Amino acid sequence: MAALFRRAMDFLYLLCVIVGCIALVLISAVIPWAVFTRYVLNSAASWPEPMAVLLTIVLTFIGAAAGYRLNLHMSVGYFAKKLPPLLQRATDILVQLLMALIALFMVIWGERLVEVTWHNSIADFPSLSVGVTYLPIPIGGLCLLLFVIERIFLGAPPDPIGKHSETAPFE
């Protein structure tokens with residue numbers, strides 16, 4: 001059962017990375033298009049800025065969950081690593097429980113935000129519901145919660161990237 005859950009989390013992680021990468025590539029294409037239409041064509045397009053904001057929401061919440069799974073987020077572990085092993089483990093569990101609390105907050109309140117704004121539309125994209133644009137919040141929260149559960153019960157996932165010499169001084 002643990003191996004199946006780990007494989008499911010591997011798949012979910014890959015999906016989060018793909019979605020985040022697609023959002024980043026699209027942001028990288030949309031912003032230059034806005035600059036091109038404004039300064040070369042002298043006719044600024046109205047949609048690139050709101051599109052970039054929507055893609056940034058996707059990148060932030062979905063990408064953050066993926067970053068958390070492999071412990072690629074910014075953290076300060078200097079003092080925790082100075083503790084005895086038993087207290088290090090207790091501190092790690094406390095951190096995971098606090099992250100689970102944050103993830104639950106994102107799922108519950110994000111879902112309520114989606115529900116409240118579902119019937120509103122975006123001026124630049126009238127066929128797009130505002131609620132749809134907030135979907136990355138509860139989805140990212142759910143992914144984050146699943147990654148926290150994985151870390152609590154199965155430990156940290158194997159690092160597919162490996163240790164980099166650039167990060168060694170900070171560990």
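**Exercise 1. Decide whether Val-35 is buried, partly exposed or exposed, and place Val-35 in its surroundings.**

Solution.
Step 1. In this predicted model, the relative accessible area of Val-35 is 44%.
Step 2. Buried means under 20%, exposed means over 50%, and partly exposed lies in between.
Step 3. Val-35 is therefore partly exposed, given its 44%.
Step 4. Now find its helix: Val-35 sits in helix H1, residues 2-39.
Step 5. Look at the surface around it. Val-35 belongs to a nonpolar patch with Ile-31, Trp-33, Phe-36, Tyr-39, Val-40, Leu-41 and Trp-47. Together these residues have about 790 Å² of accessible area.

**Exercise 2. Find which parts of the chain the salt bridge between Glu-150 and Arg-6 ties together.**

Solution.
Step 1. Start with the distance. The closest N and O atoms of Glu-150 and Arg-6 are 2.9 Å apart.
Step 2. Compare with the cut-off: a salt bridge needs the nitrogen within 4 Å of the carboxyl oxygen.
Step 3. Locate the partners. Glu-150 lies in helix H6 (residues 136-154) and Arg-6 in helix H1, so the pair ties together parts that are 144 residues apart in sequence.
Step 4. Check exposure: Glu-150 and Arg-6 are both buried.

**Exercise 3. Describe the salt bridge between Arg-69 and Asp-10, then say which network holds the two residues.**

Solution.
Step 1. The side chains meet at 2.7 Å, N to O.
Step 2. Arg-69 is in helix H2 (residues 48-69) and Asp-10 in helix H1. The two are 59 residues apart, and the pair links distant parts of the chain.
Step 3. Take each side in turn. Arg-69 counts as buried, at 3% relative accessibility. Asp-10 is partly exposed, at 35% relative accessible area.
Step 4. Widen the view: a network of salt bridges links Arg-6, Asp-10, Arg-69 and Glu-150.

**Exercise 4. Work out how far apart in sequence Arg-89 and Asp-92 lie, and how exposed each one is.**

Solution.
Step 1. Arg-89 and Asp-92 are both in helix H4 (residues 85-117).
Step 2. They lie three residues apart, about one turn of the helix.
Step 3. Their closest N and O atoms are 3.2 Å apart, in a salt bridge. The structure holds four salt bridges.
Step 4. Arg-89 is partly exposed at 40%, and Asp-92 is partly exposed at 29%.

**Exercise 5. Describe the chain over residues 12-31 and over residues 130-149.**

Solution.
Step 1. The unreviewed UniProt entry lists both spans under "transmembrane region", along with 51-72 and 93-110.
Step 2. Residues 12-31 are 100% helix and 0% strand, with end C-alpha atoms 29 Å apart.
Step 3. Residues 130-149 are 95% helix and 0% strand, with end C-alpha atoms 30 Å apart.

Conventions
Residues are numbered from 1 along each chain as its sequence is written. This is a predicted model: local features need pLDDT of at least 70, side-chain atom pairs count only at pLDDT 80 or more; totals for chains, interfaces and linings use all residues. Side-chain values use heavy atoms; hydrogens and water are left out. Patches are made of residues with over 30% relative accessible area and no salt bridge: like charges are joined within 9 Å, nonpolar side chains (Val, Leu, Ile, Met, Phe, Trp, Tyr) within 5 Å. Accessible areas come from the Shrake-Rupley method with a 1.4 Å probe; for residues, only the protein chains shown count as cover. Helices (H or I, at least four residues) and strands (E, at least two) are DSSP runs, numbered from the N terminus. Buried means under 20% relative accessible area, exposed over 50%, partly exposed in between (1.4 Å probe, protein chains only). UniProt positions are given in the numbering used here, feature names are shortened, and annotations may be inferred rather than shown by experiment.
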